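User: Please take me through this structure one question at a time. I am new to it.

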Amino acid sequence: MDVSQYLEIFIDETAEHIQSLSDNIMALENEPEDHDVINEIFRAAHSLKGMAGTMGFKRMQHLTHDMENVFQEVRNDKIKVTGDIIDVLFQCLDAIEGYLNIIKETSQEGDNDNEGIIAALNGILNGEEAVAEAKQESPQEEPASSGAAQAEGGFAKKYLTLKLSDKDKETIKTAEESGKVIFGFTVYVQKDCLLKAARAFLVFKAVEEFADIIVYEPSVQDIEDEKFDMDFSFFAAADGEEIDHLIEHSKAVSEIEEVVGEQIKYEQLIEAQQKKTTQEQAPAAEKAVPAAPAASAASAKTESAKTGGAAKGKPANKPVANRTVRVDIEKLDALMNQVSELIIAKNSLVSISTSDTAVDGTQSQTFRDQIEYLERITTSLHESVMKARMVPIESVVAKFPRMIRDLSRKLDKKMELYMTGEDTELDRTVVDQIGDPLQHLLRNSADHGLESTEVRKERGKPEVGSINLKAYQEGNNVVIEVGDDGNGIDTETVKQKAIERGLVTPEQAENLTQKEIIDFLFMPSFSMAKKITDVSGRGVGLDVVKSNIEALGGDVEVKSKLGEGSKFIVRLPLTLAIIQALLVQIRDELFAIALASIITIEDIGISDIKYVQAEEVINLRGNVIPLIRLNQVLDIEAPEEEPESLTVVIVSKGEKQAGLVVDKLLGQQEIVIKSLGKFISNSKIISGATILGDGEIALILDVNTLM
């Protein structure tokens, strides 16, 4: 029986069961006697066991079977739920998620038996007390092969056992023969690091200031796709550079746990490679992979099908078998492209219908009716496709309560996460990419935003710190706020740090606004942490958070008050595909501005322009708004004569406003955003392009980058 065709369904449903288990175990920790929750956990574990058995994943099946046994006893009131049991159950979830991640990558479950966790589950069944010491042995924590020497602290020198091609060996040999000194490095990223690819490239950048990186593993593409464990290795060639100097600069990158390295000769490396090959040959002949009998899979499937009965009373989680249809995102993308082309065709017909070249010099009423009908259809089709692509952000934020619960124990701080607006919907492509930035902001709030219990008592604050995650729709944007009632950002300390690093002079620092000071936190490697932790540091990684959000067409704003707390405000577009835009002209060039960013359009007389610190501003109904001459920003030739009045498009970014000076307004239009790829990748002002009805190209301006 070939079950590989069901792998995608298995992955989706397993992920749902894991989230359901996490939510219900969290609920069980607060109400250990709630039998509805206990029944839901039992059923989810039973379903997971049956699914794993059907797919032939025996290790996952074994683990979930033991979980099911524990909850069978809990259901029968033979075992009382305790904090230790909750801890072991969460370790079980982490182990199952570990299996799932390996299955996604390899279609196999790996070889981790999780014996420690299974022993703890059996200990619960046998009435043993010491069950909280179970440790999940994840693949990245397994000891390195004997072919790789161990550095101090147990970190392996994995560069000694890289799979080097003949070309790699020749590169290293040639570099050594040319008089270069060869160094081998293995870099270990912290286990809780969210954006390990970014950290890897920052290490490469730090090393390349002093040496040439000549061989590395994994490949650049695998690093970009984060298809590697929590370590990577490489060889560098330098002109007599000290190894300690290179290691020091590598370790200066945030969220790097350890860097091991040494100067190495080509002959030493070849000897280590040969030793590794010899060790691998012996056990390889003994390995065999038995085929899973079809009868076993069939029986497991039957067992799974027998799972029945809805829980009495209020359900503790949403049912897995709901009224939804899973659609591959690529199919939706294809449908969206078809809609895009339809809209372009519609715009072309509109253009023809409004031109002066109609047949016989008159417009056909039937032709105009068809245009209106086509417009209604395309708009309706667009809305339908967008609704299909929209998903609640609940799929991302549902994992955060568990994370805050774990951080509360790890940091020995009392804290509570309050979430609102989980049903707010975003485009699927946006939702898939905001999880890591939001997780990083929450971890920062927990670790360095909230004070310790003792400090909160001294300040008259509640012992339990509050972390808030709030999502809501604002026009064509979704706003997600992450805030806390902690210490807030000490701008004076940030200012001094900026002066120490030479980013500003003491004189310049005196004139900085609070926003300009806070913006330093978003600079690469600008950390305000007083000590390195494995959780986070206020400012650590915020540069990557900001760049990721801006890559989605969004922006981040920070509000903070010392002693009262901080709030990070993330604004994201509802969709990245089709938007309503205002077309404008600057000299002979056409540009589009998203309608959602526009507040109003004004005619401003030249005499009404004032100057503040040598910058042009206007006073619009009591608001002082800076003027931005788009022809200067975009390097377009200025008009020969200054007109008596200017056409100004007033745009906003959060609470900030600016006036964009344009030559001419061409009207509102629904446009299809087309990516420019790498053609204008160095300009953040241009976010894409669109094809107009007459075939002309208009560049789309990202006003967020102008303010």
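User: How many bridges join strand β10 to strand β11?

Analyst: The model is predicted, and residues are numbered from 1 along each chain as its sequence is written. Helices (H or I, at least four residues) and strands (E, at least two) are DSSP runs, numbered from the N terminus. β11 spans residues 565–573 and runs antiparallel to β10. The bridges joining β10 to β11 number seven.

User: Which residue in β11 is the bridge partner of K561?

Analyst: Local features need pLDDT of at least 70, side-chain atom pairs count only at pLDDT 80 or more, totals for chains, interfaces and linings use all residues, and side-chain values use heavy atoms, with hydrogens and water left out. The hairpin of β10 and β11 has three residues between the strands. One residue of this hairpin, G563, takes a positive phi near 90°. Across in β11, K561 has as its bridge partner G565.

User: How many of the seven residues of β10 are buried?

Analyst: Buried means under 20% relative accessible area, exposed over 50%, and partly exposed in between (1.4 Å probe, protein chains only). β10 covers residues 555–561 and is mostly covered. Its buried residues number five.

User: Which residues form the covered face of strand β6?

Analyst: β6 runs over residues 415–420. Its uncovered face holds E416, Y418 and T420. The covered face is M415, L417 and M419.

User: Which residue in β8 stands opposite L417?

Analyst: Strands of a sheet pair through backbone hydrogen bonds, either parallel or antiparallel. β6 and β8 (residues 465–474) run parallel, joined by six bridges. Opposite L417 in β8 stands I467.

User: Which strands are the edges of the open sheet of five?

Analyst: Two strands pair if DSSP finds at least two bridges between them. The order in this open sheet is β20-β12-β13-β22-β21, with mixed pairing. From one strand to the next, the twist averages 35°; axes are lines fitted to C-alpha atoms, for helices over the stretch in contact, and angles run from 0 to 180 degrees between N-to-C directions. The strands that pair on one side only are β20 (664–672) and β21 (686–691).

User: What is the bridge partner of L582 in β20?

Analyst: β12 (residues 578–586) and β20 run antiparallel. Eight bridges join them. In β20, the partner of L582 is Q668.

User: Which helix gives the largest share of the largest nonpolar core?

Analyst: A nonpolar core is a set of buried Ala, Val, Leu, Ile, Met, Phe, Trp, Tyr and Cys residues joined through side-chain atoms within 4.5 Å. The largest has 55 residues, and F400, I434, L469, I480 and L572 touch the most other members. Another core, of 44 residues, lies apart from it and includes L21, I38, I96 and Y99. In the largest core, seven residues are the largest share, and they come from helix α16 (residues 428–449).

User: How far does helix α7 reach from its first C-alpha to its last?

Analyst: α7 has twelve residues, 196–207, and among its buried residues are A197, A200, V203 and F204. The expected span of a helix is 1.5 Å times one less than its number of residues. That gives 16 Å for α7, and the reach is close to it, at 17 Å.

User: What is the phi of S107?

Analyst: Most residues other than glycine have a negative phi, and most peptide bonds are trans. S107 lies in the loop between α4 (83–106) and α5 (115–125), and is partly exposed at 36% relative accessible area. Contact means heavy atoms within 4.5 Å; beyond neighbours within four places in sequence, S107 is in contact with L7, F57 and I102. S107 is not a glycine, yet its phi is positive, about 65°.

User: Where is R587 found?

Analyst: R587 also has a positive phi, near 55°, in a residue other than glycine. R587 is partly exposed, with a relative accessible area of 31%. R587 sits in the loop between β12 and β13 (589–594).

User: Which residue does a cis peptide bond join to E217?

Analyst: Omega of this bond is about 5°. The partner is found in the loop between β2 (212–217) and α8 (220–224). The residue joined to E217 is P218.

User: What share of the 707 residues of the protein chain counts as buried?

Analyst: The chain has 22 helices and 22 strands. Among contacts between residues at least 6 apart in sequence, 72% join residues at least 24 apart. The share counted as buried is 45%.
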